[in-house]
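This briefing accompanies the sequence and structure shown below. The points that follow are grouped by topic for use at the bench.

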Amino acid sequence: KETLLLLNSGKTVSEIAKERNLAESTIYTHASRLIVHNYLSALDIITIETMERVIAVTEKFPSLPSVKVVKELLPELSYDEIRCSLAELRKKENNRE
């Protein structure tokens, strides 16, 4: 929840990682969990353009592909951006069920 409070206060992932003495990837992991559990939107972390690119790729599959598959198709995106995007899509899937 500390990550959530810091994100909500306007801090970036980089700033939070430095402040908490954690790796940025750890903060992204926290963020992806917060997204899935509906505390955050992926758009609080990534750009709409990134989200739209991931959505375009995932629509080619019958179910959500893995981070690795999306990374192979969008190598210019970071694993962290992809994880946050997929977390948002998982949240939407869970809300439909």
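In this predicted model, a network of salt bridges links Glu88, Lys91 and Lys92. The structure holds six salt bridges. The points below begin with these charged pairs and then turn to the nonpolar core, to helices H1 and H2, and to the chain as a whole.

**Salt bridges in helix H6**

- Glutamate 88 and lysine 92 form a salt bridge in which the closest N and O atoms are 2.9 Å apart.
- These two residues, glutamate 88 and lysine 92, are four residues apart in helix H6, and about one helical turn separates them.
- An α-helix has 3.6 residues a turn, so residues three or four places apart point the same way.
- Glutamate 88 is buried, at a relative accessible area of 6%, whereas lysine 92 is partly exposed at 41% relative accessibility.
- A salt bridge also joins the side chains of arginine 83 and aspartate 80, with an N to O distance of 3.0 Å.
- Arginine 83 and aspartate 80 lie three residues apart in helix H6, which covers residues 79–96, and are likewise separated by about one helical turn.
- Aspartate 80 has 15% relative accessibility and therefore counts as buried, because the cut-off for a buried residue is under 20%.
- Arginine 83, with 23% relative accessibility, counts as partly exposed.

**A salt bridge between helices H1 and H2**

- The side chains of glutamate 2 and arginine 20 meet in a salt bridge, at 3.6 Å from N to O.
- Because glutamate 2 lies in helix H1 (residues 2–8) and arginine 20 in helix H2, this pair ties together parts that are 18 residues apart in sequence.
- Both partners are partly exposed: glutamate 2 has a relative accessible area of 44%, and arginine 20 has a relative accessibility of 25%.

**Nonpolar core**

- The largest nonpolar core has 27 residues, of which Ile35, Leu40, Ile45, Val54, Val70, Cys84 and Leu86 touch the most other members.
- At least two residues of this core come from each of H1, H2, helix H3 (24–36), helix H4 (48–58), helix H5 (67–73) and H6.
- When residues up to four places away in sequence are not counted, cysteine 84 touches Tyr28, Ala31, Ser32, Ile35, Ala42, Ile45 and Ile46.
- Two of the residues that cysteine 84 touches, Ile35 and Ile45, are also among the core residues that touch the most other members.

**Helix H2 and its surroundings**

- Val13, Ile16 and Ala17 are the buried residues of H2.
- Viewed down the axis of H2, these buried residues fall within an arc of 100°, so they line one face of the helix.
- The cover over the buried residues of H2 includes H1 and H3.
- Serine 14 belongs to helix H2, which spans residues 13–20, and is partly exposed with a relative accessible area of 28%.
- The C-alpha atom of serine 14 is separated by 27 Å from that of proline 65, which is 51 residues apart from it along the chain.
- Asparagine 21, just after H2, takes a positive phi of about 60°.

**Threonine 3 in helix H1**

- Threonine 3 is found in helix H1 and is buried, with a relative accessible area of 2%.
- Apart from neighbours within four places in sequence, threonine 3 is in contact with Ile16, Arg20, Ile27, His30 and Leu34.
- One of these contacts, Arg20, is the residue whose side chain meets glutamate 2 in a salt bridge.

**The chain as a whole**

- The protein chain has six helices and zero strands, and its elements run α-α-α-α-α-α from the N terminus on.
- The radius of gyration is 13 Å, close to the 13 Å that the globule rule gives for 97 residues, so the protein chain is as compact as a globular protein of that length.
- The C-alpha trace spans about 40 × 30 × 20 Å along its principal axes.
- Of the 97 residues in the protein chain, 38% are buried.
- Among contacts between residues at least 6 apart in sequence, 50% join residues at least 24 apart.
- About 5900 Å² of the protein chain is exposed, and carbon and sulfur atoms supply 50% of that area.

Notes
Residues are numbered from 1 along each chain as its sequence is written. This is a predicted model: local features need pLDDT of at least 70, side-chain atom pairs count only at pLDDT 80 or more; totals for chains, interfaces and linings use all residues. Side-chain values use heavy atoms; hydrogens and water are left out. Buried means under 20% relative accessible area, exposed over 50%, partly exposed in between (1.4 Å probe, protein chains only). A salt bridge is a side-chain nitrogen of Lys or Arg within 4 Å of a carboxyl oxygen of Asp or Glu. A nonpolar core is a set of buried Ala, Val, Leu, Ile, Met, Phe, Trp, Tyr and Cys residues joined through side-chain atoms within 4.5 Å. Contact means heavy atoms within 4.5 Å. The arc is that of the directions from the helix axis to the C-beta atoms. The radius of gyration is taken over C-alpha atoms; the globule rule is 2.2 Å times the number of residues to the power 0.38. Accessible areas come from the Shrake-Rupley method with a 1.4 Å probe; for residues, only the protein chains shown count as cover.
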